[in-house]
Amino acid sequence: MENVKYPGIPTTGDGSEAAVWVETHISQAGIAYPITPATNMGYGYQVAVANGRTNLWGDELGFLEPESEHSAGSAAEGFALAGGRVASFTASQGLVLQKEVLHVISGKRLPAVFHIGARALTSQALNIHAGHDDVYAVADTGWGILFAANAQEVADLALIARRAAEDSHTPFMVVQDGFLNTHTVENFNLPEPELMKQFVGDPKAKLHNYFDPDNPVLTGAVENQDAYMKGRIAQRAFYMQVVPALENAFREFEALTGRHYDFAVPYRLEDAEYAIVGMGTMMMTAEAVVDALREQGMKVGLLKVTSFRPFPGARVVELLQHLKGFAVLERTDEPLAAANPLTREIKTAFADAWDGYPGFPKIERLPKIYSGAAGLGGRDIRPADLKTVFEHLAAEDPRRFFVLNIKHPLALEAREVFDVTAKGTFRMRGYSVGGFGSVTTNKVIASTTADLFGLYVQAFPKYGSEKKGLPTNYYLTVAEEPVRVRSELRDVEMIAINDPNALHYTNPFAGLAKGGVVWLQSSETDPRDVWAQVPAWARKVIRENGYRLYAIDTVAIARDVSSRPDLVMRMQGIVLLGVYLRVAPFVERLSLSEDQLWERVEKIIRKYFGKRGEQVVKDNMTAIQRGYREIIAVPAEVIATEPEEVGA
């Protein structure tokens, strides 16, 4: 990427921020009705509008929140008909509610781009987490559909989709997994404004206003038996343009940025015997598993499908035909269908190839095709689960359909933890209460750590609206190389107990490495009193595993430091940042003096909070420094005793 014109602007952020960055630069309006987990995208766009932002061509941005997702789709249709470049953001039931309008937008050849926070549909129960059933439910509406696996792909595919949409007069969806991508903070490169301006072009020069009173065009006419079929089949002339338009967008984007995209992207597949095929964030975890199994001598690979529409059937066959077998993993389950949606597409492609269909490679044999349901409703897809899939393929097990990570007769059981830890990893699992700001805290720690030490981060929250006031977790991984695993952290080097009640309702020490760090929110100032506060069972675990115990009252410091009452809760997280800098190994690894540390920290704090005034910068710096300096370490000699022996 050193020789490319636009390598990107390094940052940390989540998939929602990536989508907002692109759309607030290139579009003219955002239209959305809020629905989890797409809400942050619409909110981010509306903030840009409230701040008076203009796009790259000087157009003042607009935002509309109508009364439902269906109305949002209709408003987006109207804006596009008037020659505007429009974006929308939705998910789950909201996307399905739009289905009627989605057909109309594609039928009128309106090149809108919608961003989808893919989420499970309400079936036997409501669920707000990742699933692909919503996207599959609207896959027949004539839209291009691209799946992003991480925040980088969200930003890049937003541009690619826009370019292909306008070149082919076909609307596109850019899909990212709800929460697993929309809300997970990681390192990526923001596309430069100059790149976006060059790659996409001025909407006023590219789009047609169908509502121009001087050149009016009839749209949405009634067509009876004599005309409807003619118009419907005539749409194929436009759809014939989609593949070359998307291909051209992929190639030109790579030439400008060095970042490679394709309809389907193979990974270590050339000499593989077995592979996993899938879409979205699960493929990041699968990459790490493939690398680890390759080191063990297994010839495995994967195929990440980026373009579900148009579906690259011939390309998929070309890449998979040499395998002994492969498994298609999907975040949905359709028991009454011949197979799940992606599996159906792939089987159809192989049937066409076997039959000698024009444009497909001619094949003489079929790999064994397996299908699995995994990750429904945000259920973890762990490295051990994917390792089990490869073992299932290699054993040529007769069970062609399976499920992962639940107890069920169809389940493949992962019998062991499979470690695919990135180099130089330090992981933290937090225990807090929903609504206490712990998710924001986690993001702040991740972003600051990445900026301070030049490391890769992933801040992974456990969201849920029902968690407000109830126990919740958050996860942070810091490493010397990209963090690819997207799952809850079982094995960690540190636990942060924001909510001391966690010691009474769970075992927070599960998976904590021997000699690991335990931080406890405590109002006590004497290490002996802190130790006496810990339940007897937990004292025993801490002692037997050589854990290092620290405590501090982040709440008291936040109240003391904050000059604004409304910032007290957020300031607790800033105090915890100071604690993290003290107990995590990064300052020591870089041999930074305290003066050097504060100099770096202040630069970052000014970048984040400088526009809010000098007092806010000073408050944040004070909170971080107090967290760093006032943390209480419970000495080993105290941990070696029981409270009554130290007078507690």
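A residue counts as buried here when under 20% of its relative accessible area remains. By that yardstick, strand β17 (residues 426-433) of this predicted model is mostly covered, with eight of its eight residues buried. Side chains in a regular strand alternate between the two faces of the sheet. In β17, Phe426, Met428, Gly430 and Ser432 point one way, while Arg427, Arg429, Tyr431 and Val433 point the other way, and all are buried.

As for partners, β17 runs antiparallel to strand β19 (residues 471-479), and eight bridges join the two. Within that pairing, Arg429 has Tyr475 of β19 as its bridge partner. Strand β20 (residues 492-497) runs parallel to β17 and is joined to it by four bridges; here Met428 is matched with Met494.

Turning to the sheets, one is an open, mixed arrangement of seven strands, in the order β3-β2-β4-β5-β7-β6-β12. At its edges stand β3 (62-64) and β12 (307-309), each with a single partner strand, so one side of each has no neighbour in the sheet. From one strand to the next, the twist averages 20 degrees. Inside this order, β5 (residues 113-118) and β7 (residues 172-177) pair in the parallel sense over six bridges, with His115 standing opposite Val174 in β7.

Another open sheet, again built from seven strands with mixed pairing, follows the order β9-β11-β10-β13-β14-β15-β16. Its edge strands are β9 (264-267) and β16 (411-412), each of which pairs on one side only. Strands β10 (residues 274-278) and β13 (residues 325-330) pair in the parallel sense over four bridges, and Val277 sits opposite Val328 in β13. Helix α13 (residues 282-295) packs on this sheet, touching β9, β10, β11 (300-305) and β13, and its direction makes about 165 degrees with that of β11. Helix α15 (residues 341-354) lies across β10, β11, β13 and β14 (368-373), running at about 145 degrees to β13.

Finally, there is Asp553, found in the loop between β22 (548-552) and α21 (554-561). What about a salt bridge for this buried residue? Asp553 has none: the nearest side chain of opposite charge, that of Arg559, is 6.7 Å away, and a salt bridge would need the charged atoms within 4 Å. The side chain of Asp553 does reach the backbone nitrogen of Ala556, at 3.1 Å. Leaving aside residues up to four places away in sequence, Asp553 touches Gln521, Ser522 and Ser523.

Methods:
Residues are numbered from 1 along each chain as its sequence is written. This is a predicted model: local features need pLDDT of at least 70, side-chain atom pairs count only at pLDDT 80 or more; totals for chains, interfaces and linings use all residues. Side-chain values use heavy atoms; hydrogens and water are left out. Two strands pair if DSSP finds at least two bridges between them. Contact means heavy atoms within 4.5 Å. Axes are lines fitted to C-alpha atoms, for helices over the stretch in contact, and angles run from 0 to 180 degrees between N-to-C directions. Buried means under 20% relative accessible area, exposed over 50%, partly exposed in between (1.4 Å probe, protein chains only). Lys and Arg count as positive and Asp and Glu as negative; His and the chain ends are not counted. A polar contact is a pair of N or O atoms within 3.5 Å; within protein, one must be able to donate a hydrogen and the other to accept it, and residues adjacent in sequence count only if both atoms are side-chain atoms.
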